[in-house]
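Here is a short tour for anyone who likes to look at how helices and side chains meet. Please keep the viewer open while you read.

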Amino acid sequence: EYAADELMSDREIVLCGVRKSGSTLRKAADELKCDHEIVQIAVQQDGCSLQFAANELKSDRELVRVAVQQDGRALEYAADELMSDREIVLCGVRKCGSTLRKAADELKSDHEIVLAAVQSYGYAMEYAADELMSDREIVLCGVRKCGSTLRKAADELKSDREIVLAAVQSYGYAMEYAAHELKSDWGFVMECVKKNGMSLFYAADELKSDREIVLAAIKNNRRALQFAADELRLDLR
């Protein structure tokens, strides 16, 4: 990293550098960023050093596979044509689910790929094809990790008690996206506020006046008191 620029054209020095730290490929002379051996050693050491490789090597399937196996985030730097390569994308999203956003559209509809991405990173559900938002397995996995993704779920799953409860446990304000009938369901709202008191914010108004529900909410999180009906809030303060 700190060697004089003229030494960055010296193959032996650069090779030694990337063996110790793949990211030093960034400083290499352009002609060495085209050198397959140097780039392969760099990405074996640090997958994300793929970003510094010459463009033609970002299209090299085997090189990209090595990079992605080392660090899923390397998928971000691969050539666009490899975003349709199922094996490479699957490898990438297993390690770093957010890279699903780079996948070709047909792979965003692939159940196995999307599930792997969501298992790695719940918010990856945001990048999945709409038709998979009716897939209970994917949605349940997603909301357990990132409750706010409930907003992407199909309407019928927003009425699914297990899914909504999982979302609320992860993120109290996910109650906003629950079906109206669940927000008015005394028993269900009680379950929710026990898991996450902040879910009281999106409960039906009549339940914000319910002393038992409000007490359960503030037992979980004292800050939930701010969402109680005025008269109850003043009484419990």
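The report below covers helix packing, two loop residues and some aromatic rings in this predicted model.

## Helices α1 and α2

Let's start with helix α1, residues 11-20, and helix α2, residues 36-45. Their axes come within 7 Å and cross at roughly 20 degrees. An angle under 35 degrees counts as roughly parallel, and α1 and α2 are therefore roughly parallel to each other. The crossing in which α1 passes α2 is left-handed.

If you would like to display the side of α1 that takes part, pick R11, V14, L15, V18, R19 and K20. On α2, the residues making this contact are E37, I38, I41, A42 and Q45. Sorted by class, the contact of α1 with α2 holds six nonpolar residues, one polar residue and four charged ones.

## Helices α2 and α3

Moving along the chain, α2 also meets α3, which spans residues 61-70. The axes of α2 and α3 come within 7 Å, with a crossing angle of roughly 20 degrees. By the cut-off of 35 degrees, α2 and α3 are therefore roughly parallel to each other. Their crossing is left-handed.

Which residues meet here in α2 and α3? From α2 come H36, V39, Q40, V43, Q44 and Q45, while α3 supplies L63, V66, A67 and Q70. This contact of α2 with α3 divides into five nonpolar and five polar residues, with no charged ones. For the contact of α1 with α2, by contrast, four charged residues are counted. Q45 is worth a look in both views: Q45 of α2 belongs to the contact with α1, and Q45 is also among the α2 residues that meet α3.

## Two residues in the loop after α3

The loop between α3 and α4 holds D71. Is D71 buried or exposed? Its relative accessible area is 14%, and buried means under 20%, so D71 is buried. Leaving aside neighbours within four places in sequence, D71 is in contact with G47 and C48.

E76 sits in this loop between α3 (61-70) and α4 (86-95) as well. With a relative accessible area of 22%, E76 is partly exposed. Not counting residues up to four places away in sequence, E76 touches T99, R101 and K102. For a sense of scale, the C-alpha atoms of E76 and I213 are separated by 46 Å, and these two residues are 137 residues apart along the chain.

## Aromatic rings

How many aromatic pairs does a search of the whole structure find? The search gives eight. One of them joins Y171 and Y173, which lie 5.8 Å apart centre to centre, with 80 degrees between the planes. Planes over 60 degrees apart count as edge-to-face, so the pair of Y171 and Y173 is edge-to-face. Y171 is partly exposed at 36% relative accessibility, and Y173 is also partly exposed, at 27%.

F201 and Y202 form another edge-to-face pair, with 4.6 Å centre to centre and 70 degrees between the planes. F201 counts as partly exposed at 33% relative accessibility, and Y202 is partly exposed with a relative accessible area of 25%. To see these rings together, select Y171, Y173, F201, Y202 and F227, which form one aromatic cluster.

Definitions and conventions:
Residues are numbered from 1 along each chain as its sequence is written. Side-chain values use heavy atoms; hydrogens and water are left out. Axes are lines fitted to C-alpha atoms, for helices over the stretch in contact, and angles run from 0 to 180 degrees between N-to-C directions. Helices (H or I, at least four residues) and strands (E, at least two) are DSSP runs, numbered from the N terminus. Angles under 35 degrees count as roughly parallel, over 145 as roughly antiparallel, 65 to 115 as roughly perpendicular and the rest as oblique. A crossing is left-handed if the near helix is turned anticlockwise from the far one by less than a right angle, and right-handed if clockwise. Contact means heavy atoms within 4.5 Å. Ala, Val, Leu, Ile, Met, Phe, Trp, Tyr, Cys and Pro count as nonpolar, Asp, Glu, Lys and Arg as charged, and the others, Gly among them, as polar. Buried means under 20% relative accessible area, exposed over 50%, partly exposed in between (1.4 Å probe, protein chains only). Rings of Phe, Tyr and Trp (its six-membered ring) pair if their centres lie within 6.5 Å; planes under 30 degrees apart count as stacked, over 60 as edge-to-face and the rest as tilted.
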